[in-house]
Amino acid sequence: MKNQYLYNYILGIADNSLILGQRMGELCGHGPSLETDIACTNISLDLFGQVRSYFQYASKIAGDGRTEDDIAMLRKEREYKNVLLAEQPNTNFAYTIGRQFLFDVYHLAFLKELQKSTDLTLAAIANKCVKEVSYHERFSSDWVKRLGDGTEQSRQKMQEAIDDLWTYTDELFHLTESDKEMVSQGIGVDATLLKDAYYNSVKELLEEATLHIPDSKYFQKGGKKGIHTEHLGYLLSDLQYMQRTYPNMEW
Amino acid sequence: MSEDQIKSLEKEFEARIARDEKIEPKDWMPEKYRETHIRQMSQHAHSEIVGMLPEGNWITRAPSLRRKVALLAKVQDEAGHGLYLYSATETLGASREELYDQLHTGKAKYSSIFNYPTLTWADMGAIGWLVDGAAIINQVPLCNTSYGPYARAMIRVCKEESFHQRQGFEIMLKLANGTEEQKEMAQDALNRWWWPSLMMLGPTDDKSVHTAQSMKWKLKRKTNDELRQQFIDQTVPQADLIGLTIPDPALKWNEERGSYDFGEIDWDEFWQVVKGHGPMNKERMKARVGAWERGEWVRDAAMAYAEKAQNRKEKQAV
């Protein structure tokens, strides 16, 4: 493929939305209230909409007949390049919100930079996504505050979720080989430059939510290289079920 | 209020409905009218919410991104319908918590169709085509019902339902034009959903307890049997069009009536499911009650946070 780096780069971005969208979609009909149920489904819907834009573009770049669905549903476990954070399960609503919040703050900052990409398609997609993700970030931040500064029980649960998920935040700022290549061409975003601002705004909000900032110095990584947590395989079994069971059909 | 006064109010009330005027939340209304509307509107809201479960079951496994997005949007619409139907019911003085409690304790009913399992992807097509199709036939007349908030909610609900119905039919069409396996999947879904869909239009007229009063209040414009016939006459040609067979050997066009004759509905099955013993009644309630109980600490936190924020605001004002 002529544009292998660009292709990899797009998949790296899109897989985050794909896997997180799938996680949020699991909650549909099972939320703590009708309003939160609708909001979580809405976030899932936005993320899958983004995935379609990215994969349609990736399919054009690949130019080998693979469709958006082939790319989304017919890769092997090791070929998914989402960050580990995105695949963490919906242990309870605090984990759902914590995962969303820790991702949203990064995602929003990332998209704002991607709007400046010299690749006009990517810039246009980012331009559309940034509006949606601003809403996601407001929703998840508000809920971190509500749960953190709500009852004693909710504070404990929110704290536990943040403590557990914190270990996956550092990976957001790692650059793969394709990332580096795309940054050098002015197409990609240098995520390392987003790191300080990210931790500053996350910490500020956690403090406002009366939560402690985790002080662990140990972080997990691997998602961007396709080395995932054990959770991903099960998620993919659902995601890929129809395409694997009924290959080469149209739906 | 004297009995005569109430009688005269009731007379004026019925006259307003007969003149096609809308009854609004603050208007006087007979207690029976209020109760009947709370019952029907909340049942409707519950059906939307429980109805999210069988389709939600396929969101993570939808076969393509396009289908996944459409399904998510559809189930989200249903949550939205639930939300404004609960809100419309609240205008009659019944809180959402109260109504949920009735659902969770089995006191309130919801549409029995959702007590059947969704086993294959084709069930997403069959539900949209048949279940939403039958729902529309039930619901379109409600856009002109006498209670204003219900009528207005239904206008929006019906618009979205008709979109869902087309979407469901389109899923079936695609399967019916697909591979042998896909055709089988579509036919199997039609076989399983056909009879429960006919049951959705309610017991036969001679067994229906609410019809007369509901007709008067425009909660109903046609009887169950009329609606069922309308649904069958509308749906059979659609099945023909996509080459699927309605699973009823007695189904036959009746030239004289200008309608289809159809076979006997298994009313024992209908009552079994209504009474709580269908294939999925227990699971559906477990899912609803479970979500509600698991969410309690979340709702408590939101309340506590809102109170704290209010206190802070008041302190600042001082």
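How many disulfides does a search of the whole structure find over all chains? In this predicted model, the search returns zero disulfides. A:Cys129 is accordingly in no disulfide, and the nearest cysteine sulfur, that of A:Cys40, lies 19 Å away. With a relative accessibility of 0%, A:Cys129 counts as buried. In chain B, the cysteine sulfur closest to that of B:Cys143 belongs to B:Cys158, at 3.7 Å, which is too far for a bond, because a disulfide requires the two sulfur atoms to be within 2.5 Å. B:Cys143 likewise counts as buried, at a relative accessibility of 18%, since the limit for that class is under 20%.

Salt bridges were considered next. Over all chains, the count comes to 33 salt bridges. One of them joins the side chains of B:Asp261 and B:Arg257, with an N to O distance of 2.7 Å; B:Asp261 is partly exposed at 29% relative accessibility, and B:Arg257 is also partly exposed, at 43%. Elsewhere in chain B, salt bridges that share partners join B:Glu12, B:Arg16, B:Arg19, B:Glu21 and B:Asp27 into one network. Within this network, the side chain of B:Arg16 meets that of B:Glu21 in a salt bridge, at 3.0 Å from N to O. B:Arg16 is buried, having a relative accessible area of 19%, whereas B:Glu21 is partly exposed, with a value of 31%. The side chain of B:Arg16 also meets that of B:Asp27 in a salt bridge, with an N to O distance of 3.1 Å. This pair links distant parts of the chain, given that B:Arg16 belongs to helix H1 (residues 3–18) of chain B, while B:Asp27, 11 residues apart from it, is placed in the loop between H1 and helix H2 (31–56) of chain B. For B:Asp27 the relative accessible area is 24%, and the residue is therefore classed as partly exposed.

Two buried residues of chain A illustrate contacts between positions separated along the sequence. A:Gln100 is located in helix H5 of chain A and is buried, with a relative accessible area of 0%. Apart from its neighbours within four places in sequence, A:Gln100 is in contact with A:Leu20, A:Met24, A:Ile43, A:His136 and A:Ser140. The C-alpha atoms of A:Gln100 and A:Ser140 are separated by 6.2 Å, although the two residues are 40 residues apart along the chain. A:Leu206, which is found in helix H9 (residues 195–208) of chain A, is buried with a relative accessible area of 0%. When residues up to four places away in sequence are not counted, A:Leu206 touches A:Phe101, A:Val144, A:Ile162, A:Trp166, A:Leu211, A:Ile213 and A:Pro214. Of these partners, A:Ile162 is 44 residues apart from A:Leu206 along the chain, and the C-alpha atoms of this pair are separated by 9.1 Å.

The analysis was then extended to empty space in the model. The second largest pocket has a volume of about 650 Å³, and 31 residues line this pocket, the closest to its centre being A:Gly12, A:Lys81, A:Thr176, A:Asp179 and A:Lys224. Helix H1 (4–26), helix H5 (93–114) and helix H8 (177–184) of chain A each supply at least two residues of the lining, and the largest share, nine residues, comes from H1(A). By residue class, the lining of the second largest pocket divides into 11 nonpolar, 10 polar and 10 charged residues.

As for enclosed space, the count comes to one cavity of 30 Å³ or more, and the volume of the largest cavity is about 70 Å³. The lining of the largest cavity is made up of B:Glu55, B:Arg67, B:Ala70, B:Leu71, B:Lys74, B:Trp121, B:Met124, B:Gly128, B:His164, B:Gln167, B:Gly168 and B:Ile171. At least two residues of this lining are supplied by each of helix H3 (65–90), helix H5 (122–139) and helix H6 (148–176) of chain B. The residues lining the largest cavity divide into five nonpolar, four polar and three charged.

Terms used
Residues numbered from 1 in each chain as written. Chains lettered and ligands numbered in written order. Predicted model: local features only at pLDDT ≥ 70, side-chain atom pairs only at ≥ 80, totals over all residues. Heavy atoms only, no water. Buried < 20%, exposed > 50% of the residue type's maximum accessible area, 1.4 Å probe, protein only. Salt bridge = Lys/Arg side-chain N within 4 Å of Asp/Glu carboxyl O. Helix = DSSP H or I, 4+ residues; strand = E, 2+ residues; numbered from the N terminus. 1 Å grid on protein atoms, 1.4 Å probe; cavity = no way out; pocket = protein on both sides within 12 Å on 5 of 7 lines; lining within 4 Å. Points joined across faces, edges and corners; volume = space filled by probe spheres on them. Nonpolar A, V, L, I, M, F, W, Y, C, P; charged D, E, K, R; others polar. Contact = heavy atoms within 4.5 Å.
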